[in-house]
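I opened the notebook to look up how the strands pair and where the helices lie. The entries below follow the order in which I checked them.

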Amino acid sequence: MIIESAEVIVVELPLRFRFETSFGEQTKRIVPLLVLRSQGLEGYSEGVMTPIPRYREETVAGALDLLQNYLLPALVESNLDAPSQVEKLLAPYRGNNMAKAMVEMAFWDLWAKALGVPLSRLLGGVRHEIPVGVSIGVQKTIDETLEQISKNLDAGYRRIKLKIKPGWDVQLIKQVREAFPDAHLTVDANSSYRLADARSLALLDEYALDYIEQPLRFDDILDHAKLQSQLETPICLDESITSAKSARQAAQIDAARVINVKVARLGGHGEAKRVHDIAWSFDIPVWMGGMLETGIGRAHNIHAATLPNYVLPGDTSSASRYWSSDVINEPLEAENGLMPVPQGPGIGVTLNRHFLNTVRIGGFTV
Ligand code: OSB
Ligand code: MG
């Protein structure tokens, strides 16, 4: 299959809620979308990097430069016979997983469409719907948090993840647990603690959390293992897992008893599947994370989460929670905490070109 052209469309979309984490707050997203074209077909993907690098290192500006001047020129007019060949083509470029993931993921969509099958089938998926929960940001008050939780449990979501940071942790979780004794609860610190905080984090052991996500540095594995030896609550790694290698090393030293897989953070579906497989071989359950995706990234994530070791509810909740208008034509809505996998070839959703034109702030063609 020869890639005939690549188009990047940058859009700006307002979020329906203010999303506050330990690293800052977000009220909108700047989203680069990629369209790859071949034989009358189009493959789609979404970039999850941010204008300011507060989650991991990648930025929108850096990704656009890399895509326009290196990654897409390397791809266009190449003849590629499998997604693994795209990975090979991108391998010489170090890091920049999210930018590389855009290329690899759009190719998977295109490839699945050329074969006329849903992406989940090509990836080895075994589910037609995936269990989902919600990620709730830091709120102004504990009462507001309780209200949010109640609303989302009533909507059928299967687990509640709360963002925490030093000073917004034990008191919050104590009150939440009292109000919701049976809920599946987790917390996500987004790297806001240090190993020296082990004793205060151990205070959370009392509240039967399913796991604590990424308490320590975004690039650390070793200190997480030291922390795990002082905690009952399982540690789940997010930011620190950037490859199958880091997943294996975390598993080998007991730094992660759960793994949050984000296809985009890992550089694409190929590496995400290898992380899934390694975790499975260590009996480590995984779940599909999220980066406040539009319908394009969300559909990719849903397909990837159909693999057998995605046994815990993920962050891929209904698109309508995030957006008043989405960039795709189809709804992606969970019911009773289950997100249906879009059927039809590839990721199974289509771009709403009319809406895109109203929110487009830039882009280019290669
Ligand atoms: O750490 O999982 C995270 C959003 C942006 C960046 C990092 C994270 C998140 C979320 C939200 O927790 C997940 C979602 O609802 O898409
Ligand atoms: Mg996280």
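I began with one strand pair: β6 (residues 160-163) and β7 (residues 185-188) run parallel and are joined by four bridges. The model I am reading is predicted. Within this pair I looked up lysine 161, whose bridge partner in β7 is threonine 186.

I then traced the sheet that holds these strands. It is open, has seven strands with parallel pairing, and its order is β5-β6-β7-β8-β9-β10-β11. β5 (134-136) and β11 (286-288) each have a single partner strand, so one side of each has no neighbour in the sheet.

Next I asked which strands helix α10 lies across. Helix α10 (residues 269-281) lies across β10 (258-261) and β11, and runs at about 170° to β10.

I turned to another sheet. Four strands make it up, open and with antiparallel pairing, in the order β3-β2-β1-β13. Its edges are β3 (41-46) and β13 (360-365); each has a single partner strand, so one side of each is left without a neighbour in the sheet. I noted that neighbouring strands here are turned by 25° against each other on average, direction ignored.

For the antiparallel pair β2 (residues 24-38) and β3, I found six bridges. Valine 35 has tyrosine 44 in β3 as its bridge partner.

Last, I looked up the helices that pack on this sheet. Helix α1 (residues 60-75) touches β1 (5-21), β2 and β13, and its direction makes about 10° with that of β2. Helix α3 (residues 97-115) touches β2 and β3, with its direction at about 145° to that of β3.

How values were computed:
Residues are numbered from 1 along each chain as its sequence is written. Chains are lettered from A and ligands numbered from 1 in the order in which they are written. This is a predicted model: local features need pLDDT of at least 70, side-chain atom pairs count only at pLDDT 80 or more; totals for chains, interfaces and linings use all residues. Side-chain values use heavy atoms; hydrogens and water are left out. Two strands pair if DSSP finds at least two bridges between them. Helices (H or I, at least four residues) and strands (E, at least two) are DSSP runs, numbered from the N terminus. Axes are lines fitted to C-alpha atoms, for helices over the stretch in contact, and angles run from 0 to 180 degrees between N-to-C directions. Contact means heavy atoms within 4.5 Å.
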